[in-house]
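Open your viewer, put the model in cartoon view and get ready to click around. We'll go stop by stop, with something to select each time.

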Amino acid sequence: MKTIIYTILLFFISVSSFGQLNIESKITQLLNVELEKETIHSAYLQVFSRSKDINLSLARGTFKSGEPASVKHPLYVASITKTLTATAVGILKDEGKLSFDDKIATYLTDTFLEGLHIFNGVDYTTEITIAQLLQHTSGLPDYFEDTTTNGSPNMMTELFINPDKIWSPHELIQFSKQNMKPLFAPGTNYHYTDTEYVLLGLIIAQVSGLELHDFFKQYIFEPLHMKHTYMNLRSQPILKTENMAEFYAANSELSNFKSLSADWAGGGLVATTHDLIKFQEALFNAKLVTDETLKTMQQWISETKGMYYGYGLRKIILNEVHPSLPELEIIGHSGSTSSFLYYCPTLNTYITGTLNQTEATKSSIVLVSNVLDVILKNM
């Protein structure tokens, strides 16, 4: 009898191991396909699920020097930073130091805010709330990508015009006020904008008494042992870390631009895929904010077809984006460098990585979808 039971156990173990190898092989192939594209120089992917015993870390491609990409190289994660900034606000909320419904004028000076939001002749500046900044419903313009009112370059163009310029958060808000106009009254519509997250970063600093990067380190990086994560051009990782992976806008390599300092609380984070998974798992297991706060962060409004936005979190219902995609929901964030960090509740799976190419943002979401589809069909 013992022999029979042992044989049955061996059978199930071998079937499970084969399934795992099959999943990893198919996922690796998906990433290899992306690298065949001319504009993709390096690609990173980590897939993690405790319940399904998956922990696959991949790095492919080479840098200009010929050095091979490695999982030890941290990534410029761009707008994934917004999730950490929103989490920082949630931490302060849980400590009783602010409320999501507080007016931002409670924490920022009148002089600094003067003229921030004048729409159709009405000054709405003092009506803007923290929640509206978090959810992109304040009506403020996006200093990065919106068109200027005076024909001058927006910040995305400024990055290339003056790559050695170091931008302060206050300069970014001033840039927005001088060159752009609000789009609607607060709370009446949705418009994705980095301007709001610069304001949030300043509020975090004002309330906590810490610079944003120091707050991240004290409340997120150190507790979660994220030892290879830092704010680009503003702080250092806890431990010695490899150089940041190169990333591109078409054929231009941007990773050494000092002007990336313009991408601050809304996009200036650098992290390894391992550290990003640590953060995302802690967030969705209420180890950073309370269950109540996490639930509030997931109050969704429509962003575009199949996509919804909460407080620094984006939800994508894949088959709503396109009927050919799997019937799965993912929650997290993505960035302009084609970076992504998502959690799939149905599969209890976390997935992060990047294609390090601003022109590949759509491809990165398709990659996430295809990876999850492999898991769905092979478990």
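## Start in the big sheet's strands

Select K315 and you'll find that this residue stands opposite I331 in β13. Strands such as this one, and helices too, are DSSP runs numbered from the N terminus (a helix is H or I with at least four residues, a strand is E with at least two).

A quick word on what you're looking at: this is a predicted model, where local features need pLDDT of at least 70, side-chain atom pairs count only at pLDDT 80 or more, and totals for chains, interfaces and linings use all residues. Residues are numbered from 1 along each chain as its sequence is written, and side-chain values use heavy atoms, with hydrogens and water left out.

Now colour all of β12 (residues 314–317) together with β13: the two pair in the antiparallel sense over four bridges. Two strands count as paired if DSSP finds at least two bridges between them. Stay on I331, since this residue also stands opposite Y343, in β14. β13 and β14 run antiparallel and are joined by four bridges. Follow the chain from β13 into β14 and you trace a hairpin with five residues in between, where S338 in the turn has a positive phi of about 75°.

How enclosed is β13? Five of its six residues are buried, so the rest of the structure largely encloses this strand. Buried here means under 20% relative accessible area, while exposed is over 50% and partly exposed lies in between (1.4 Å probe, protein chains only).

## On to β15

Next, keep following the chain from β14 into β15. This is another hairpin, with four residues between the strands, and N348 in the turn has a positive phi of about 45°. The strands pair in the antiparallel sense over five bridges, and F340 stands opposite G353 in β15.

Show the side chains of β15. In a regular strand, side chains alternate between the two faces of the sheet. Here T349, I351 and G353 point one way, Y350, T352 and T354 point the other way, and all are buried.

On to β1 (residues 42–49), which pairs with β15 (residues 349–354) in the antiparallel sense over five bridges. Click Q46: the bridge partner of this residue in β15 is T352.

## Zoom out to the whole sheet

Select the eight strands of this open sheet, in the order β2-β1-β15-β14-β13-β12-β11-β10, with antiparallel pairing. Which strands stand at the edges? They are β2 (54–61) and β10 (301–304); each has a single partner strand, so one side of each is left without a neighbour in the sheet. From one strand to the next, the twist averages 20°.

Then add helix α9 (residues 273–284), which packs on the sheet and touches β1, β2, β13 (329–334), β14 (340–344) and β15. Its direction makes about 145° with that of β15. Angles like this run from 0 to 180 degrees between N-to-C directions, with axes being lines fitted to C-alpha atoms, for helices over the stretch in contact. Contact means heavy atoms within 4.5 Å.

## A three-stranded sheet

Select β3, β9 and β6: they form an open sheet in the order β3-β9-β6, with antiparallel pairing. The edge strands β3 (75–78) and β6 (230–231) each pair on one side only. Click Y230 and look across to V270 in β9, which this residue stands opposite.

## Two helices that cross

Finally, select helix α7 (residues 194–208) and helix α2 (residues 81–94). Their axes come within 10 Å and cross at roughly 35°. To see the contact, show K82, T85, A86, A88, V89 and L92 of α2 with D194, Y197, L200, G201, I204, V207 and S208 of α7.

Now hide α2 and look at α7 alone. 11 of its 15 residues are buried, so α7 is largely enclosed by the rest of the structure. What covers the buried residues of α7? Switch the neighbours back on, including α2, α3 (110–113), α4 (130–135), α6 (169–179), α8 (212–221) and β11 (307–309).

For a last stop, select α12 (residues 361–378) and show its buried residues, among them S364, I365, L367 and V368.
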